[in-house]
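User: Could you take me through one part of this model slowly, as you would at the bench with the structure open between us? I would like a single helix and its surroundings.

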Amino acid sequence: MGTKFEKTPGWLDWYPGPSKPRFQVPPGSVDAHCHVFGPGDRFPFAPERKYTPCDASREQLFALRDHLGFARNVVVQATCHGADNSALLDALQHSGGMARGVVTVRRGITDRELRDMHEAGVRGVRFNFVRRLVDFTPKDELMEIAGRIAPLGWHVVIYFEAVDLPELWDFFTALPTTVVVDHMGRPDVTKPVDGEEFELFVKFMRDHPNVWSKVSCPERLSVSGPPALHGERNAYRDVVPFARRIVETFPDRVLWGTDWPHPNLKNHMPDDGLLVDFIPHIAVSPELQRKLLVDNPMRLYWPEEAR
Ligand SMILES: O=C(O)c1cc(C(=O)O)oc(=O)c1
């Protein structure tokens, strides 16, 4: 059956037939940032969306997980689904307990709905401040939501661009929960790793022990590449110093995810196997790799099973 949605012009579909990673992730590794899209004819995309993606189903996500050698997923609500979390919840419910979720909710959500989501495996809400992806939700509404999810033991995931951190600082540092930053706060990697902009991000994490970071998305942040395609062994070199600095400074507060199916990439779609091969460049020892891929995500998403 064809989907009733037409993809955004120029949309790049996820990479079919990814290579087998050479880097073998530790047993029990968690892909802590990935999405499902639809399928659109079962889980329609939201009217307020800023893009219309290809389909990326839970079956396809779980097949990728197995292919790459991961054990678990954290599925993050994609903005194309707005605050309708049905596709995500369906994925969690069909994961045999091997997926947790981060949802988007509005002020009208009931306590009953939050409890049901918790039961399904949801452990966080996502607040998005990237202008091309969402119309902003007022900060007082977000703070109210944060106050309501805190007693459930959930955390807040924030997505923003590095230039906006100064303006968002007071709001972020007032959040009452663990706070997880998507994609390292999107640094401009043409600026120095010890320059003013990235220092502010490091200070954000250093001064606030409740702040964690995903060291994900080199394929989005890289300017000079080369892309993770055609067996490239040295992909996204320009991102390495940034991610490595965060991993080595805050080894117990970092997470890694594929970001599959990679929404809104414009110039290439990475081979996910080669993306996994990027990990040992940013987490250079077995101990750092185990924290990044197993211990940290387990502590945050499966604390009842964590060592
Ligand atoms: O940079 C992006 O375009 C992007 C979009 C989304 C989303 O639409 O939810 O999620 C991400 O993690 C990254």
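Analyst: What follows is a walk around one helix, its partners and the places they lead to.

First, some ground rules: this is a predicted model, with local features needing pLDDT of at least 70 and side-chain atom pairs counted only at pLDDT 80 or more, while totals for chains, interfaces and linings use all residues. Residues are numbered from 1 along each chain as its sequence is written, and side-chain values use heavy atoms, with hydrogens and water left out.

Let's choose helix H5, residues 165-174. Helices (H or I, at least four residues) and strands (E, at least two) are DSSP runs, numbered from the N terminus. The inward-facing story starts with the buried residues of H5: Leu-165, Leu-168, Trp-169, Phe-171 and Phe-172. Buried here means under 20% relative accessible area, exposed means over 50%, and partly exposed is in between (1.4 Å probe, protein chains only). These buried residues pack against strand S4 (122-128), H4, strand S5 (155-159), S6 and H6; a contact is heavy atoms within 4.5 Å.

Take the helix partners one at a time. Two packed helices are described by the angle between their axes and the distance between the axes. Each axis is a line fitted to C-alpha atoms, for helices over the stretch in contact, and the angle runs from 0 to 180 degrees between N-to-C directions.

With H4 (residues 139-149), the axes come within 10 Å and cross at roughly 20°. H4 and H5 are therefore roughly parallel to each other, a label for angles under 35 degrees; over 145 counts as roughly antiparallel, 65 to 115 as roughly perpendicular, and the rest as oblique. The H4 and H5 crossing is right-handed: the near helix is turned clockwise from the far one by less than a right angle, where anticlockwise would be left-handed. On the H4 side you will find Lys-139, Leu-142 and Met-143, and on the H5 side Glu-167, Leu-168, Phe-171 and Ala-174. By class, this contact of H4 with H5 has five nonpolar, no polar and two charged residues. Here Ala, Val, Leu, Ile, Met, Phe, Trp, Tyr, Cys and Pro are nonpolar, Asp, Glu, Lys and Arg are charged, and the others, Gly among them, are polar.

Lys-139 deserves a pause. It sits in H4 and is partly exposed, at 33% relative accessible area. Setting aside residues up to four places away in sequence, Lys-139 touches Glu-167, Leu-168 and Phe-171.

Now turn to H6 (196-207). H5 and H6 pack at an angle of about 5°, with their axes 12 Å apart. That makes H5 roughly parallel to H6. H5 contributes Leu-165, Pro-166, Trp-169, Phe-172 and Thr-173 to the contact, and H6 contributes Leu-200, Phe-201, Lys-203 and Phe-204. The residues of the contact between H5 and H6 divide into seven nonpolar, one polar and one charged.

The loop between strand S6 (179-181) and H6 holds Val-193, as well as Met-184. Met-184 has a phi near 55°, a positive value in a residue other than glycine, and is buried, with a relative accessible area of 1%. Val-193 is partly exposed, at 25%. Apart from neighbours within four places in sequence, Val-193 contacts Phe-198, Glu-199, Pro-241, Phe-242 and Arg-245.

Finally, follow Phe-172 of H5 inwards. Phe-172 is among the residues with the most contacts inside the largest nonpolar core, along with Phe-127, Ile-158, Val-215 and Ile-246; that core has 103 residues. Its largest share, seven residues, comes from helix H11 (residues 286-301). A nonpolar core is a set of buried Ala, Val, Leu, Ile, Met, Phe, Trp, Tyr and Cys residues joined through side-chain atoms within 4.5 Å. Ile-158 shows how this part knits together: leaving out neighbours within four places in sequence, Ile-158 is in contact with Phe-127, Phe-129, Phe-172, Leu-175, Val-179, Val-180, Val-181, Asp-182 and Phe-204.

So what should you keep on screen? Start from the buried residues of H5, then bring in H4, roughly parallel to H5, and H6, also roughly parallel to H5.
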